[in-house]
Amino acid sequence: MKRVLTYGTYDTLHYGHIRLLQRARALGDYLIVALSTDEFNALKGKKAFHTWEERKAHLEALRFVDLVIAENTWEQKRDDIRLYHVDIFTMGSDWEGKFDELSDICEVMYLPRTEGISSTMIRNTLDNAAS
Ligand code: C2G
């Protein structure tokens with residue numbers, strides 16, 4: 001049983017997120033997503049449109065997501081990897097290299113980001129349509 005772990009805000013879930021999660025799951029047999037809380041998003045300088053509970057429900061509706069946990073801090077990754085016996089840590093390529101220090105306790109892999117879609121783009125489009 002190969003266990004995969006990834007992190008993110010996953011606001012306004014879109015096909016870029018879904019493709020990332022599908023490929024992450026395909027790296028192993030079990031996918032854990034650590035979902036950024038609203039408080040942690042504030043640390044990242046982000047304000048999600050959907051609440052943490054809504055974003056969690058969206059992810060849990062995906063067949064290839066097995067568990068959703070909370071991401072509260074930048075520093076929790078090492079503990080999460082140990083606690084959940086993670087074999088592979090993966091992120092989209094916009095994070096390329098940023099988490100290589102975790103490679104002493106698990107495989108670290110970066111997956112190509114899907115171009116042409118983002119939560120920001122969706123939010124801006126919705127805002128413009130509403131104005
Ligand atoms: N992603 C992607 N293609 C997109 C948009 C996002 O592959 N068009 C990927 C990102 O690379 C990331 C994941 O989807 O791996 C989630 O993206 P965000 O919700 O924007 O997450 P982020 O703010 O990057 O949070 O501790 C790590 C952070 O919590 C990562």
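**Figure 1. Polar contacts of the ligand with Trp95, Lys46 and Tyr10 in the predicted model.** A polar side-chain atom of Trp95 is placed 2.8 Å from an oxygen atom of the ligand. For Lys46, the distance from a polar side-chain atom to a ligand oxygen is 2.5 Å. Tyr10 contributes a polar backbone atom, 2.8 Å from an oxygen atom of the ligand. A polar contact is a pair of N or O atoms within 3.5 Å. Of the 640 Å² of accessible area that the ligand has on its own, the protein covers 95% (Shrake-Rupley method, 1.4 Å probe).

**Figure 2. The shell around the ligand.** The ligand is surrounded by 21 residues (one heavy atom within 4 Å), the closest being Lys46, Glu71, Asp94, Thr114 and Ile117. By class, seven residues of the shell are nonpolar, eight polar and six charged; Ala, Val, Leu, Ile, Met, Phe, Trp, Tyr, Cys and Pro count as nonpolar, Asp, Glu, Lys and Arg as charged, and the others, Gly among them, as polar.

**Figure 3. Secondary-structure elements around the ligand.** Two or more residues of the shell come from each of β1 (3-8), α1 (15-26) and β4 (88-92). The largest share, three residues, is that of α1. The chain has five helices and five strands, which are DSSP runs (helices H or I, at least four residues; strands E, at least two) numbered from the N terminus. Their order from the N terminus is β-α-β-α-α-β-α-β-β-α.

**Notes on the figures.** Residues are numbered from 1 along each chain as its sequence is written, and side-chain values use heavy atoms, with hydrogens and water left out. Because the model is predicted, local features need pLDDT of at least 70 and side-chain atom pairs count only at pLDDT 80 or more, whereas totals for chains, interfaces and linings use all residues.

Terms used
A polar contact is a pair of N or O atoms within 3.5 Å; within protein, one must be able to donate a hydrogen and the other to accept it, and residues adjacent in sequence count only if both atoms are side-chain atoms.
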